[in-house]
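Trainee: I would like to go through this model and ask what backs each label. Shall we start?

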Amino acid sequence: MPNVLPQAPARASRFAAPDVFATLRGQAAGTLLTPADAGYDEARRLWNGMVDKRPAAILRCTGAADVAAAVRFAATAEMPVAVRSGGHSISGHSSCDGGLMIDLSMMKAITVDLEQRLAHAEPGLLLAEFDAAMQMHGLATTMGINGDTGIAGLTLGGGLGRLARKHGLACDNLISAEVVLADGSVTVASERENPDLLWGLRGGGGNLGVVTRFTYRLHPVGPTVLGGMLLWSWSDAREAMRAYARFCAVAPDEVDAIGVLLTGPAGDPVFAVSTLHVGAIDDGERALAPLRQATPRPRHDAVAPVAYAALQSAADPMFPRGRRYYWKSHFLAALPDAAIDVLMARFERVPSPLSKIGLQLVGGAISRVPPDATAYGHRNAAWDCIPIASWVDAAEDAANIAWSRGVWEEMCSFATGGVYVNNLGEEGEDRVRAAYGVNHGRLAALKARYDPANLFRGNANVPPAVATAP
Ligand SMILES: Cc1cc2nc3c(=O)[nH]c(=O)nc-3n(C[C@H](O)[C@H](O)[C@H](O)COP(=O)(O)OP(=O)(O)OC[C@H]3O[C@@H](n4cnc5c(N)ncnc54)[C@H](O)[C@@H]3O)c2cc1C
């Protein structure tokens with residue numbers, strides 16, 4: 001099964017006539033682009049070069065009023081909608097063929113309430129933009145590892161990141177949101193107003209509405225922290241991975257350590273760990289020492305005091321926009337020796353030097369939240385394991401996709417059975433259920449209340465619950 005939607009040949013959409021969007025054009029302040037307009041091709045492009053969809057129109061929204069107009073228009077016309085913020089969706093859900101793309105990427109306003117330590121952020125912000133604005137005040141909240149990712153999709157799926165073991169997921173720090181609902185009304189979700197909606201936004205993906213403003217709790221971070229890359233040669237990788245697994249099992253919440261199997265600068269396979277300690281530099285030196293001084297010693301140790309914002313964007317060159325990507329993921333509760341053997345053996349057969357296997361460390365504060373407290377339920381995981389296939393030439397699609405699937409399949413026996421919704425492709429209903437786990441039923445009930453016609457189905461979709469006869 002592909003993890004991006006099948007690329008249908010361009011076919012005539014019943015919404016292709018030039019005057020179909022005249023009403024919306026008149027109502028919205030933002031620019032409406034159709035295939036005839038300059039800028040359409042640029043605007044429809046997503047991060048994953050495997051995705052090539054052609055919406056009938058793209059509304060580049062300027063605010064909640066535009067979003068509400070677009071939602072009402074699409075609902076009345078029974079037109080498919082896709083909601084795009086950062087455009088980093090791996091599956092390509094933030095675009096659609098022949099429907100309306102509600103494009104929030106121009107909405108980048110951000111304000112900081114220093115007294116309350118809150119950020120009010122619009123959905124078009126990318127992580128690097130958000131982090132930069134917060135770090136001017138020595139503040140941050142949990143965001144992901146690639147500065148080019150959108151805060152919106154990331155937060156709505158959960159939001160794993162380098163501060164999460166200390167401060168919780170991005171969605172745990174989301175304390176309120178402004179949301180455009182499927183009927184075009186604008187509402188607020190917070191602990192006081194519509195708390196059930198807030199529950200569903202914290203990990204339920206884009207199923208319940210379009211978020212036009214996120215309010216996050218902030219924490220003092222940096223601006224200088226201790227962190228950087230440790231790297232082992234392939235001959236030492238097996239023992240290094242074992243040492244890494246032992247280190248992570250007892251590491252304090254302040255430590256993040258992302259393990260990666262990748263092709264090194266000299267073209268040889270290596271094992272690397274990207275470290276971060278959030279706290280005082282001296283404490284960081286002590287906390288990271290067991291890994292830095294492990295046997296075998298890393299071939300390269302770049303751990304040093306570094307700007308938090310720089311560390312957050314350090315991996316960006318590895319994930320350029322437009323390249324071909326395919327990945328699948330698993331949550332792991334542990335990293336036993338047998339799993340390490342599988343990862344190493346599979347990486348030795350990787351067809352593309354651009355591909356990687358990532359081990360994103362979770363646990364800590366994430367695991368101290370009950371699984372049903374938010375729609376994100378995977379609180380028991382220790383790692384998210386992601387075979388990331390990445391290549392350039394479309395002729396090599398099959399080999400690279402097969403490699404990622406092969407790693408994933410052989411790792412099934414070590415997995416919890418859960419999957420992070422934001423790493424999910426088009427993998428079928430069972431995997432969507434696995435993504436929402438114990439919370440699927442409550443999400444379906446909320447969907448029936450907030451979006452009974454399933455207008456927002458361009459996501460890991462939870463169909464509305466069907467009412468049963470009394
Ligand atoms: C290179 C790379 C690194 C990543 N690293 C991490 C990581 O460290 N941690 C992590 O948690 N995730 C990570 N991810 C996954 C990432 O969280 C998802 O791809 C996420 O969906 C990106 O958000 P976006 O706004 O860019 O997505 P988009 O493509 O714009 O949207 C993704 C989904 O969210 C919906 N959506 C977007 N905005 C809204 C909105 N405002 N209201 C309602 N629904 C909306 C869309 O309809 C779509 O279904 C990574 C992804 C990539 C490609």
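Trainee: Which residues of helix 13 (residues 429-436) are buried?

Mentor: This is a predicted model, so keep that in mind throughout. The buried residues of helix 13 are V432, A434, A435 and Y436. Helix 14 (440-450) is included in what covers them.

Trainee: Why is Y436 called buried?

Mentor: Set the count against the cut-off. A residue is buried if 20 or more other C-beta atoms lie within 10 Å of its own. Y436 has 25 C-beta neighbours inside 10 Å, so Y436 counts as buried.

Trainee: Which residues is Y436 in contact with, leaving aside its neighbours within four places in sequence?

Mentor: A375, G377, L443 and V462. Contact requires C-beta atoms, placed from the backbone, within 7 Å. Y436 meets that with each of those four residues. G49 lies elsewhere: Y436 and G49 are 27 Å apart, C-alpha to C-alpha, and 387 residues apart in sequence.

Trainee: What phi does G437 take, just after helix 13?

Mentor: A positive one, of about 50°.

Trainee: On to the sheet. In what order do the four strands of the open sheet run?

Mentor: The order is 1-2-4-3, and the pairing is mixed.

Trainee: What makes strand 1 (31-33) and strand 3 (81-84) edge strands?

Mentor: Each of them pairs on one side only. On average, neighbouring strands in this sheet are turned by 20° against each other, with direction ignored.

Trainee: How do you know that strand 1 pairs with strand 2 (residues 57-60)?

Mentor: Count the bridges. Pairing needs at least two bridges between the strands. Three bridges join strand 1 to strand 2, and the two run antiparallel. Within that pairing, L32 stands opposite L59 in strand 2.

Trainee: Which strands does helix 3 (residues 64-77) touch as it packs on the sheet?

Mentor: Strand 2, strand 3 and strand 4 (100-103). The direction of helix 3 makes about 165° with that of strand 4.

Trainee: Now the ligand. Why is it said to lie between domain 1 (22-103) and domain 2 (110-220)?

Mentor: Look at who supplies the shell. Both domains give residues to the shell around the ligand, so the ligand lies between them.

Trainee: How many residues surround the ligand, and which are the closest?

Mentor: There are 35, and the closest are G86, G144, G150, G153 and G206. Strand 3, helix 5 (151-157) and strand 10 (210-217) each supply at least two residues of this shell. Helix 5 gives the most, with five residues.

Trainee: What is the make-up of that shell by class?

Mentor: It has 14 nonpolar, 20 polar and one charged residues. Note that Gly counts as polar here.

Trainee: Which domains does the assignment give?

Mentor: Domain 1 (22-103), domain 2 (110-220) and domain 3 (224-423).

Trainee: How do you know that domain 2 touches domain 3?

Mentor: By the contacts: 31 residues of domain 2 are in contact with 28 residues of domain 3. Helix 4 (127-135), helix 5, helix 6 (164-167) and helix 7 (195-201) each give two or more residues to the domain 2 side. Helix 4 has the largest share there, five residues. By class, that side has 12 nonpolar, 12 polar and seven charged residues.

Trainee: What separates the centres of domain 2 and domain 3?

Mentor: 24 Å, taken over C-alpha atoms.

Key
Residues numbered from 1 in each chain as written. Predicted model: local features only at pLDDT ≥ 70, side-chain atom pairs only at ≥ 80, totals over all residues. Axes fitted to C-alpha atoms, helices over the stretch in contact; angles between N-to-C directions. Contact = placed C-beta atoms within 7 Å. Near = placed C-beta within 6 Å. Domains from an automatic or database assignment. Buried ≥ 20, exposed ≤ 12 C-beta atoms within 10 Å, placed from the backbone.
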